[in-house]
Amino acid sequence: MARQNAGAAVSVERFFQFSLLGLVASGYLAVAGSGYLDTPTIALTTAGLVLRAVLICGFVRFDLSDRLTTIVTIAYAAFFGADYFLSRDFLAATVHLLFFLAVMKILTAKSNRDYLYTAVIAFLELLAAAILSVNFNFFLFLALYLLFAIAALTSGEIRRSIDRSTVTARSGLKSFYPRLGLLSALVTLGILTLTAGLFFILPRTAEAAFSRLIAHRVFLPGFSNQVNLGDIGEIKTSSRPIMHIRIWSAQAVGPMKWRGAALSDFDGKRWTNPSRRAEMIPVENEHVVLAPIGLRPPGRRINYRVDLEALENDTLFFAGTPETLDLRARALYRYEASSFRLGHATPPGFHYDAFSLLDDPPETSPAVFPPPVLPLASRELYLQLPTLDRRIAELARNFASGATSDLARTRSIERHLRSDYSYTLELPDREMADPLANFLFARRKGHCEYFASSMAVMLRSLGIPARLATGFQSGVYNPVSDLWLIRASDAHSWVEAWIPGYGWKTFDPTPADPNAGGLSLLTRLALYLDASETFWQEWVVTYDLVRQGTLAYRMEQGAQRLGIRWFDTAASLRAGWQRLGAGWARRFGWQSLIWLAAVLALGFVAGPLVRLLHIRRRVERVRRGQASVADATVLYQRMLHILKRRGYQKPLWFTPAEFAASLPPTPLGNSVGEFTATYNALRFGGHAEAAPILSILLDRMERQ
């Protein structure tokens, strides 16, 4: 028996240790999923958690002495001050300290107090993740945290009971791990279901206030007032989502460019804008008209909605030329090159709706009347050139030879760059004195900035005004969410050239990326994850009264399609039941209703009667000496039924021993104490010979 008890204790202890480790690991993964942790912290914390798992499995054994633990902790306390001084970020230094304590505590925990501290540290990890991230992966790690928390609580209670008891049920270890794991999973599912229902019924008003404590925004260097050659190439190495776009159009729309900014001055290595003069456009009732009143040029138009991620930039992105705009802002700023900015960094959850005139190719677009005129000052601005390699102007003349118009010369240069040069994201290994000359005559490969800059410079050398535009390409259509996903890797730059009779037109000399693949399995999985993230942001992070009203309306519409009306009054429901009863009576007679009521009443009464007969049958079997361990519970329930008739009822939170000790020292109370001790011997000790004694004690209590 002692060997069985020891085996049970080891089994429960190992389950408890793994649950506690999972608790710390889920909190750690929640913080790591926010993207806030640096590589050393991730590596050291992962190593500590893996080492703890190996120790629990018994593959290796070692023990950190209290003295060594104290020395390491004091050393890190000194390092904490240096960490804060070097990073100038109190939160980052505190997170580093938190994970150091988590690793040290999980490796050295031995007592119940240590386990409590470990659980508190895991909770602090989850709290830090709630502050640092509002992404969908936080919900996944929260569910994992709840699962391990319930597993740790239940196994910890079983562990405490084993330490206090002297006997253990012999059948207690049968399928212990899956049974307790399934219980934890079901409780976790119930908690998540209940809280999700309460969440959608009672919407939050803080609008993810924790997320506003941290300015965890993305900076896009290619959309500021200065762009160095290579900035766009650095952005394109990231796959981070930048915006999601929903397009409403009755016509099919082809590949589009989402324009953000345009730059005019080039010094050979960087593009800048000479001035920051902006026109402030007031926004009234969240609506603003950007197109001149009464002027509606012909062309294709689309409606779309842009949901921007939290960016440190204030640039807004549009397809073509925006004509009307709906957004939550006090004012909008329009700059010389027809770029629009907010005047402040875009907040989390920022979105706007736009109606735009698309930029069709000049060969297919109708002529503009009256013809647009480029002012002389603007013409000089968009023709200025730095000191360049003479070969660049000569190459431009060679590319444009034979062309008789500005449009033809522009198309010729665009075509030559697309066909004679190759695309790559690999940047030069060293800084070049003349990057464009190196690209055109030596390297002959590069990314979009080099192609667009070369074309703009060559056009200016031919007397055609040109400027560099930056933004994003179309992105990827996600059929799951019906949104266009624009990632940082879709960042792009192209050329806008002034074509007489048409104005500014778009040209793209960059060839296609040869490494661009199709929709692989991983890409499809990423689209599903992105759709989940979109749902999380839309229906959880920014959930408010408007979203709640939309959800209620959709539920009502769906219920009405199924013939269900949620909001009928009590009077109409009562009238409906009365009509149903009267119709049933006319069709089958009133006697059928009486028989139906009798059957229902019998069903309510039959349950307790059947259960009582079942208990009596098992008691009779015990009296015949045919008892089993499972019969102990039935006999104990029979005793509780007898005591309830005497006026004593066992509280749910009392153990059998605590309940017996709470009764007065009467003959009945003494019989209950003796019955409880015998019950424990049968139920937990497996002594089947104690069953007849329980039957005798039940008869005695019946007579008392």
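Contact here means that heavy atoms lie within 4.5 Å. The structure described is a predicted model, and the report moves from one helix residue to the two sheets, then to a helix that lies across one of them, and closes with two loop residues.

## Tyr-177 in helix H7

Tyr-177 is found in helix H7, which covers residues 176–201. Leaving aside its neighbours within four places in sequence, Tyr-177 is in contact with Ser-11, Arg-14 and Phe-15. The C-alpha atoms of Tyr-177 and Val-12 are 8.6 Å apart in space, although 165 residues separate the two in sequence.

Is Tyr-177 buried or exposed, given that buried means under 20% relative accessible area and exposed over 50%? With a relative accessible area of 38%, Tyr-177 falls between these limits and is therefore partly exposed.

## The seven-stranded sheet

Seven strands form an open sheet, in which the order is E7-E10-E13-E8-E2-E18-E17 and the pairing is antiparallel. The edge strands of this sheet are E7 and E17, each of which pairs on one side only. On average, and with direction ignored, neighbouring strands of the sheet are turned by 25° against each other.

At one end of the order, E7 pairs with E10 in the antiparallel sense over three bridges, and in this pair Val-289 stands opposite Thr-324 of E10. Strand E10 (residues 321–327) is also joined to strand E13 (residues 351–357), again in antiparallel fashion, by six bridges; here Thr-321 has Leu-357 of E13 as its bridge partner.

Asn-478 lies in strand E17, one of the two edge strands. Asn-478 has a relative accessibility of 0% and therefore counts as buried. When residues up to four places away in sequence are not counted, Asn-478 touches Leu-483, Leu-527, Asp-530 and Ala-531.

## The five-stranded sheet

An open sheet of five strands, also with antiparallel pairing, follows the order E9-E3-E16-E19-E20. Strand E9 (318–319) and strand E20 (503–507) stand at its edges with a single partner strand each, so that one side of each is left without a neighbour in the sheet.

The partner of E20 in this order is E19, and five bridges join strand E19 (residues 491–499) to E20, the two running antiparallel. Within this pair, Glu-496 stands opposite Thr-506 of E20.

## Helix H13 and its surroundings

Helix H13 spans residues 448–461, and its 14 residues reach 20 Å from the first C-alpha to the last, close to the 20 Å expected at 1.5 Å a residue. Of these 14 residues, 13 are buried, and the helix is thus mostly covered. Just after H13, Gly-463 takes a positive phi of about 85°.

Which elements does H13 meet? The helix lies across strand E16 (466–472), E19 and E20, and runs at about 15° to E19; these three strands are neighbours in the order of the five-stranded sheet. H13 also packs with helix H11 (residues 406–420) at an angle of about 150°, the axes of the two helices being 10 Å apart, and H11 passes H13 in a right-handed crossing. The contact is made by Thr-410, Ile-413, Glu-414 and Leu-417 of H11, together with Phe-451, Met-455, Met-458 and Leu-459 of H13. The residues of this contact divide into six nonpolar, one polar and one charged.

## Two loop residues with positive phi

Most residues other than glycine have a negative phi. Against that background, which sign does phi take at Glu-286 and at Asp-482? Glu-286 has a positive phi of about 60° although it is not a glycine, and Asp-482, likewise not a glycine, has a positive phi of about 60°.

Glu-286 lies in the loop between strand E6 (278–282) and strand E7 (287–289), and E7 is an edge strand of the seven-stranded sheet. The place of Asp-482 is in the loop between strand E17 (476–478) and strand E18 (483–487), which stand next to each other in the order of that sheet. Glu-286 has a relative accessible area of 44% and is partly exposed, while Asp-482, with a relative accessible area of 39%, is partly exposed as well.

Note on methods:
Residues numbered from 1 in each chain as written. Predicted model: local features only at pLDDT ≥ 70, side-chain atom pairs only at ≥ 80, totals over all residues. Heavy atoms only, no water. Helix = DSSP H or I, 4+ residues; strand = E, 2+ residues; numbered from the N terminus. Expected span 1.5 Å × (residues − 1). Buried < 20%, exposed > 50% of the residue type's maximum accessible area, 1.4 Å probe, protein only. Pairing = 2+ DSSP bridges. Axes fitted to C-alpha atoms, helices over the stretch in contact; angles between N-to-C directions. Left-handed = near helix turned anticlockwise from the far one by under 90°. Nonpolar A, V, L, I, M, F, W, Y, C, P; charged D, E, K, R; others polar.
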